[in-house]
Amino acid sequence: MRTLARPSRGAGPLALVVALLGLLLLLAPAASAAGGLSDASATLKKGKVYVDPAMADRFSQDQADALTKKIDKADKPIFIAVVPDSPAYGKDTVFKDLRTMVGVDGVYGIWRGNQFAARADRGALGAGLPERISGAAFRSHNGDIDATLNDFVDQAAPQTKGEGVNHSTSIAWVVIPLVLVALAGAGVFLLIRRAKKRKEEQARAELDQLRRVVDEDITAFGEELDRLDFNPAAADADDVQRTDYTHALDSYEKSKRLMDEAKRPEDVKQVTEAIEDGRFALATLSARRDKRPLPERRPPCFMDPRHGPSVKDVDWAPAGGSPRSVPVCQADADRVAAGLDPAVRTVDTDQGPQPYWNAGPAYAPYAGGYYSSFGGGLLPGLLVGTMLGSMMSSPAYAAAPMMDGGHHGYQDQHEGGDYTGADFNGGDFGGFGGGDFGGGGGDFGGGGDFGGGGDW
């Protein structure tokens with residue numbers, strides 16, 4: 001008796017799956033050939049040099065692989081893309097777009113069409129260096145993409161901070177299994193604790209740095225109280241004057257107490273808030289005693305908050321910088337009017353004395369407290385072009401304004417190679433001087449100066 005083979009019930013669905021897989025395989029090359037920001041960012045995330053299919057005839061995959069090996073060997077967060085002059089890679093947005101999608105602090109070099117330029121996060125490569133290195137490499141090789149890119153990497157790698165993305169990935173795949181097997185979870189706890197301890201140590205160091213500066217401000221405030229020589233029991237003292245004096249004295253004591261209790265850099269914000277409030281009460285008391293009009297509630301003198309409340313706004317620019325309107329005390333207003341340098345508050349740094357607005361991100365809460373009563377947009381506007389100003393213009397600042405007590409990374413600054421997502425200083429990639437590729441010859445709008453590179 002013959003038995004007829006019956007078709008399996010699963011044959012139909014299986015055949016459909018096979019057909020779909022085949023279709024996907026056929027479509028895959030076409031999709032990969034499309035190129036674009038998504039493909040570019042996915043390739044860069046893997047630590048590979050990206051070449052858009054449209055540029056393969058000018059920069060081969062073999063050349064890209066060789067350059068990738070060089071970057072891997074250097075173990076630096078350097079990202080290179082070779083793309084056509086195409087709307088898919090907008091000349092004014094390509095740097096910000098790729099940096100946002102890759103999400104890693106580093107140095108980004110892009111050959112677009114017939115131009116080459118570079119941008120970098122400040123923690124990876126110093127201000128102005130990406131533009132100067134890329135400009136020199138471009139001008140040295142007369143349109144030779146391979147020679148230009150290799151020259152750029154050779155020059156940039158020794159100066160770039162941080163580790164390459166492949167370094168982080170390889171270490172993770174080796175360490176994590178060993179920790180899980182050998183320590184059964186204890187190792188993970190130790191790693192977390194170590195990272196936390198490192199952040200705490202950094203926060204303590206920054207707080208110690210701030211403490212010296214803030215203690216000077218508190219001392220100066222106390223000396224002003226002494227110089228006023230006000231006696232609440234004097235015959236000519238009235239209740240309003242005594243209220244002002246009590247307010248100023250309470251603010252002085254509060255600032256000392258808060259500074260003693262400060263545990264983190266952001267705690268300093270409350271201290272300078274108290275000092276600013278007390279100084280205004282002191283200025284009001286002084287006006288009452290001298291029978292002068294009461295002062296307007298204005299921000300502290302921008303040049304040095306120890307000068308007390310400002311009396312007017314003046315147009316002022318530091319050497320080589322652009323003018324901006326800043327609130328100043330009368331003495332600094334007179335100096336600026338006479339063409340003299342104002343009495344700027346400087347603090348000690350590793351680079352020597354610097355204005356407080358260029359002394360590092362730890363000074364964000366210091367400055368923020370002094371200006372917290374005058375609106376969240378005031379201080380970033382005053383600090384445009386400074387180290388603190390660049391930080392305050394970042395997406396993180398917009399999401400958590402320091403004037404409302406937000407944390408701005410003064411202890412979480414990123415070095416090259418750290419994953420930061422879209423939270424990076426847009427000014428480093430912002431197309432100053434006419435766009436990312438706004439000028440001829442890869443010079444970014446003329447000369448490759450990049451609009452001052454974050455300086456004033």
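Right after helix α10 comes K291, whose phi is positive, near 60 degrees. (Helices here are DSSP runs of H or I with at least four residues, strands are E runs of at least two, and both are numbered from the N terminus.) Helix α10 itself has 22 residues and reaches 32 Å from its first C-alpha to its last, close to the expected 32 Å; that expected span is 1.5 Å times one less than the number of residues.

A quick word on what you're looking at: this is a predicted model, where local features need pLDDT of at least 70 and side-chain atom pairs count only at pLDDT 80 or more, while totals for chains, interfaces and linings use all residues. Residues are numbered from 1 along each chain as its sequence is written, and side-chain values use heavy atoms, leaving out hydrogens and water.

Now for the inside. A nonpolar core is a set of buried Ala, Val, Leu, Ile, Met, Phe, Trp, Tyr and Cys residues joined through side-chain atoms within 4.5 Å; buried means under 20% relative accessible area, exposed over 50%, and partly exposed in between, using a 1.4 Å probe and protein chains only. The largest such core has 45 residues, and M259, F302, W316, V326 and Y366 touch the most other members. Helix α8 (186-228) is among the elements that each supply at least two residues, and α8 gives the most, with eight. Apart from this core lies another, of 26 residues, including L67 and I71.

Helix α8 also holds D217, while R345 sits in the loop between α11 and β7, 128 residues apart from it. The two form a salt bridge with their closest N and O atoms 2.7 Å apart (that is, a side-chain nitrogen of Lys or Arg within 4 Å of a carboxyl oxygen of Asp or Glu). Both D217 and R345 are buried. Compare R242 and D239, also joined by a salt bridge: being three residues apart in helix α9, they are separated by about one helical turn. Here D239 is exposed, at 54% relative accessible area, and R242 is partly exposed, at 27%.

Last stop, helix α4 (residues 94-102). Its buried residues are V94, F95, L98, R99 and V102. Seen down the axis of α4, they fall within an arc of 125 degrees, so they line one face of the helix; the arc is taken from the directions from the helix axis to the C-beta atoms. R99 also belongs to a network of salt bridges with D105 and D121. Just after α4, G103 takes a positive phi of about 75 degrees.
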